[in-house]
Amino acid sequence: MKKVNNIAVLTSGGDAPGMNAAVRAVVRTGIYHDLNVYGVMYGYRGLLTDDIFPMESKSVANIIQRGGTVLKTARCLEFYEFEGRQKAYENLKKRNIEGLVVIGGDGSFNGAMKFSQEFDIPCIGLPGTIDKDIAGTDFTIGFDTAVNTAVEAIDKIRDTADAHDRLFIIEVMGRDAGYLALHSGIATGAENILIPEHTTTVDDIINDLQANERRKKMVNLIVVAEGHEAGGANGLAKRVKEKCPQLDTKVCILGHIQRGGSPSTMDRILASRMGYAAVDALLEGIHNVMIGIVNDKVAYTPLDKAVKAKQEIDPEWFKIVKILAS
Ligand code: F6P
């Protein structure tokens, strides 16, 4: 087995609460094993611009509880080009960096995969995204915090909806995945949840609303994933207002509030375990995999599989939503 001496860590794509806890775990585990650990600022962009610096144990002090990412993040178009990746490789090579830990979502893993295929730099991916849209792990870093943030906001919306007998259509993030909507909707007792993975049509929603109105149930919360084909909360509200103008309908888009805040206990623990496992994998010579936690055990998924596959949503969930919100 090749001895590893120098590794680097970066955060890429949309930030997610718990990324700092993961960076801390990578740095401290690396130092524990006598490795030199480098931090890369602004994700792949920092690899290209040579924004790379040595990290010490104290570089990651007091960050486990902080949202965002101390390494900053960016979406870097140049890294999609071979020339960009070559520049990145040269900057790693001149420091003899022999392993790269990428904390990010599927777009970031795509970059890591290409990079590791073209150049001899082993990459380990840690799933850091509030969307939970990556296969090979039960949870992604940031998802639990984002759901809790959404739940807190939706609970508040229910208070005012209840006071006015209103229909609220609440949009949550998730890109083209519906996990944030599904989990926050179930946890807040939403009357309907619309996600891209499940075919609920606007007509279904209107039928439900009319049925609720007939039985004098005027408070309705609909949680819609931003990626649903109805066109998010505004698209859905437009159609509902056309068909049910008598309903007092309001829209609330939760937006980037879901990305911030102090990570939950679950995210801090998940990130700490994954960061530790990433360094372990590099030392064991396990390369080009994503670290996941499946059934409470560390699992490795080849980066290309993590990129291509999505987590599936069991249709049973929709039965549960229907029964519990009736
Ligand atoms: O992938 C995380 C995420 O927050 C998605 O849920 C959302 O669609 C997207 O990033 C927003 O990206 P940006 O902050 O670049 O607008």
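What distance separates an oxygen atom of the ligand from an N or O atom in the side chain of Arg-175? In this predicted model, the separation is 3.2 Å. Two further side chains were examined in the same way. For Asp-131, an N or O atom of the side chain lies 2.7 Å from a ligand oxygen. For His-256, the corresponding distance from a ligand oxygen to a side-chain N or O atom is 2.8 Å. Of the 400 Å² of accessible area that the ligand has on its own, the protein covers 74%.

The ligand occupies the largest pocket. Its surroundings comprise Arg-75, Ile-130, Asp-131, Met-173, Gly-174, Arg-175, Glu-226, His-256 and Arg-259. Sorted by class, this shell contains 5 charged, 2 polar and 2 nonpolar residues. Ile-130 and Met-173 are among the residues that surround the ligand, and both count as nonpolar.

The shell can also be placed within the domain layout. The chain divides into domain 1 (6–142 + 263–308) and domain 2 (144–259). Contact between them takes 13 residues from domain 1 and 14 residues from domain 2. Taken over C-alpha atoms, the domain centres are 34 Å apart. Both domains contribute to the ligand shell, with at least three residues drawn from each. Asp-131, with its 2.7 Å approach to a ligand oxygen, falls within the 6–142 segment of domain 1. Arg-175 and His-256, at 3.2 Å and 2.8 Å from a ligand oxygen, fall within domain 2 (144–259).

Key:
Residues are numbered from 1 along each chain as its sequence is written. This is a predicted model: local features need pLDDT of at least 70, side-chain atom pairs count only at pLDDT 80 or more; totals for chains, interfaces and linings use all residues. Side-chain values use heavy atoms; hydrogens and water are left out. A residue is near a molecule or strand if one of its heavy atoms lies within 4 Å of it. A polar contact is a pair of N or O atoms within 3.5 Å; within protein, one must be able to donate a hydrogen and the other to accept it, and residues adjacent in sequence count only if both atoms are side-chain atoms. Accessible areas come from the Shrake-Rupley method with a 1.4 Å probe; for residues, only the protein chains shown count as cover. On a 1 Å grid over the protein atoms alone, a cavity is a set of points where a 1.4 Å probe fits but cannot get out, and a pocket is an open set with protein on both sides within 12 Å along at least five of seven lines; lining residues have an atom within 4 Å of a point. A molecule sits in a cavity or pocket if more than half of its atoms lie within 2 Å of its grid points. Domain bounds come from an automatic or database domain assignment. Contact means heavy atoms within 4.5 Å.
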